[in-house]
Amino acid sequence: MPDQLLYAIEAGLNGLMAGVLYALVALGFVLIFKASGIFNYAQGVLALFAALTLVGFQNGQIPFAHLINAIFGTDLHTFGWQLPAIVAIVLAAGVMVILSIIIERYVLKHLVNQAPIILFMATIGLAYFLEGLGDIMWGADIKKLDVGLPQGINETIDTVTYNAFGYGFFIDNLDIVASVVAALLVISLTIFSQYSKQGRALRAVADDHQAALSVGISLRFIWVLVWSIAGFVALVAGIMWGSKSGVQFSLSLIALKALPVLMLGGFTSIPGAIVGGLIIGMGEKLFEFFVGPMIGGATENWFAYVLALLFLVFRPQGLFGEKIIERV
Amino acid sequence: MNQMNPEGYVTADGRKIGPVLMEMKNISLRFGGVKAITDISFDIREGEIRAIIGPNGAGKSSMLNVISGFYVPQDGEVWFRGYKRGPMKPYQVARLGIARTFQNIALFDGMSVLDNIMTGRLTLMKSGLFSQAMWWGKAEKEETEHREKVEKIIDFLEIQPIRKTPVGRLPYGLKKRVELARALAAEPKLLLLDEPMAGMNVEEKEDMCRFILDVNDEFGTTIALIEHDMGVVMDLSDRVVVMDYGKKIGDGTPDEVRSNPDVINAYLGVSHD
C-alpha cells in the first residue's frame, strides 16, 4: 500500500477516536434537548465541573480552601487522603445528582412555560456561574486526572499493522477505552429512552407539558432525572477529556465543537450525536491531511463549522433528527 | 333542584346510576379581579354522563380545570370518592384516577398513536427505574400486559389502521379520538372531556357520540363533559349543569333544564349558534 494512503487511514482512525469525545459531550446536549427542548449551553461546563469535582475528591482537596484561607487566615489545602478512583467517581456522580436537584429547584421550576430562548439564556447564566463555582471550590490550576485508564500507544495494533503494511498505526489506548464507554452509554441510553417507563415519560414531557401532566407525569421529577443523567454523561466526558489533556478551564470550550456535531446528527437523536461526532472527528482530520497542506493548514479550527453550515442549508433537521412536521 | 336518592337513581333508558363519586362544594375561582366561577356546587355520580353547558365565557372550562387540578380554586371544597381533596398538582389528580382530554388537543405529536396511548398507562405501571434495570424480564412482562389493554382500546375506538402513524400527521377528528383513547387507557374512575365534538363535521360528531355512549356502557366509566352543541348534550347526558357568567343557573335532567326559565332566558332563549 502506498505510504500516503496508510498515513490517511491512520489520521482517519485517530479522527474517529477524537470524534468519540466530541460525541460524548454532544450526547449530554441531546438528552436535555430531547426532554425539555432546552439547548443547555452549560453542558460543557458541567463536564468541566464534574471533572474538577472528581479530581478534588480523589486528591482529598478541601472545597473552597482558597476562600476559607482568605477569610480566616488559615492554611488549609487537603484532607490528606487519596480516595480510590471508583469511590471518587461515585461521589462525583452523587454531586452531579445534587446539582441537578438544585438546578431544577432554583432555576427551571421558575421558568415553566417560558419560551425556549429564555431557558437558553438561563443556561448561559448557569454556565458562567458553574465555571466560577468550580474555580472557587477547587482552584484554577490545571490538574492531572488519573483514574487508572490505560494510556499510550496500543502495542497490539502497532505490531499487527506493522507486520501487515510495514507501517505501525499509532492509536492511543485511552481513545479505545473512550470508544467502548461511549458505545455502552449510547446503547443503554437508547434502551432506556425507548423501552422504559421513565423513558416514555421523558419523551412525553419533551413533546407537550400539559398533556404530560394530564397523564400523571411529574415534570419536576423528569427534569431532575434528565439533568442527573446529563450530569453523569458530563462526568464521563470530563473523565475522558481530563485524562487526555488534563482538567483545565478550556475544557468548557469543547462544548463549542459539540454544536456542529449536533447540527450534523440532529438535536433529538442519541445515535445522531455519536455518528455526528465521528463524522466531524474523522472529517476534520482527513480534511487537514489532504487539503490542509494546500491552503496552509489549521483547517481543524473551522472545518466542523463549515460542514455544519452546509447541513443547516440542505438538511436542517440533521441526519437523524425528527422530521419537522408542519400541518397547515 | 330535585332531591335525589343517595344510593343512586335509574335513568329513563334503564341504566343504574350509583352514589356520588365527586362533589364540588361552593367552588369559587378568581383570576386577579375577574371572577371565573362564583360559588358553584354540584355532584357527579358513579356511572353517570354529566354535562356542563353554558354560553362562551361562562366558566365551563375553568370548572373542568378545577376538577383536573390545573386550577386551584380560592374557595370551596372538592370531594372525590368520599374524601376531601387538598390542593393538588395536575399529575397527582391524574394518579387519583381522573383522566381528561383538552379542548385544543394536547397529544405527543412526535410519538406514534400507539406510544401516545401507552403514556396513558404510565400511572398504572409499577416497575420503577431500578427494578426495570435489574429485572428486565418482569418489566417486559408488565409492558406486554399493558400493551394488550391498549390494543383493546385501539380496537374499541376503531383506530387500528393508524396505530403506527405519528400523531402529528393525523387529521383533527382522529386526533380527538386518539386523545380519548389515551385518557381511557388510564382506566379512569372519572373521565373529563373538554368539548369532545368541537370543530368536527357531522359524521365525526356522530362517531364521537357513539364512542362516548359505548365507553360509558362498556367500561361503566363516569364521564363529565363540556359541550357547545345543545342537541348533542341533550341526547348524551343524564344530568346537566348550566352555567352563565360563572354562576350555576340550572341543574337537572335534560328535560328539566330545557324547561327551566332561567336557562331559557340566559342561554336557550337567545340565539347562540
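Here are some numbered notes on the two chains of this predicted model.

1. Let's start with chain A. It has 14 helices and zero strands, so if you walk along from the N terminus you meet α elements from start to end: α-α-α-α-α-α-α-α-α-α-α-α-α-α. The radius of gyration of chain A is 21 Å, close to the 20 Å that the globule rule gives for 328 residues, so chain A is as compact as a globular protein of that length.

2. Sticking with chain A, its C-alpha atoms fill a box of roughly 70 × 60 × 35 Å along the principal axes. Of its 328 residues, 43% count as buried. Now look at contacts between residues at least 6 apart in sequence: in chain A, 74% of them join residues at least 24 apart.

3. There is also a record to compare with the model. An unreviewed UniProt entry lists several stretches of chain A under "transmembrane region", including residues 45-67 and 261-281. Others on that list are residues 12-33, 79-99 and 111-130.

4. What do two of those stretches look like in the model? Residues 45-67 of chain A are 74% helix and 0% strand, and the end C-alpha atoms of that span lie 21 Å apart. Residues 261-281 of chain A are 81% helix and 0% strand, with end C-alpha atoms 9 Å apart.

5. On to chain B, where strands do turn up: it has ten helices and twelve strands. Its radius of gyration is 19 Å, close to the 19 Å that the globule rule gives for 273 residues, so chain B is as compact as a globular protein of that length. The C-alpha atoms of chain B fill a box of roughly 60 × 40 × 40 Å along the principal axes.

6. Buried residues make up 42% of the 273 residues in chain B. Among contacts in chain B with a separation of 6 or more, 68% come from residues 24 or more positions apart.

7. Next, find the open sheet of four strands in chain B, with the order S4-S3-S6-S7 and antiparallel pairing. Which strands sit at the edges? They are strand S4 (34-45) and strand S7 (83-85) of chain B, and each pairs on one side only. From one strand to the next, the twist averages 25°.

8. Zoom in on the middle of that order. Strand S3 (residues 20-31) and strand S6 (residues 75-80) of chain B run antiparallel and are joined by five bridges. Met24(B) is a handy place to look, as it stands opposite Val78(B) in S6(B). Helix H1 (residues 60-67) of chain B lies across S3 and S4 of chain B, running at about 60° to S4(B).

9. Further along chain B there is a hairpin. Strand S11 (residues 239-244) and strand S12 (residues 247-252) of chain B run antiparallel, with five bridges between them. Val241(B) has Asp251(B) in S12(B) as its bridge partner. Two residues lie between the strands of this hairpin, and Tyr245(B) takes a positive phi near 45°.

10. Finally, how do the chains meet? 19 residues of chain A are in contact with 28 residues of chain B. On the chain A side, helix H8 (197-207) and helix H9 (209-214) are the elements that give two or more residues, and H8(A) gives the most, with seven. By class, that side of chain A has seven nonpolar, six polar and six charged residues.

How values were computed:
Residues numbered from 1 in each chain as written. Chains lettered and ligands numbered in written order. Predicted model: local features only at pLDDT ≥ 70, side-chain atom pairs only at ≥ 80, totals over all residues. Contact = placed C-beta atoms within 7 Å. Nonpolar A, V, L, I, M, F, W, Y, C, P; charged D, E, K, R; others polar. Pairing = 2+ DSSP bridges. UniProt positions renumbered as here; feature names shortened; annotations may be inferred. Rg over C-alpha atoms; globule rule 2.2 N^0.38 Å. Buried ≥ 20, exposed ≤ 12 C-beta atoms within 10 Å, placed from the backbone. Axes fitted to C-alpha atoms, helices over the stretch in contact; angles between N-to-C directions.
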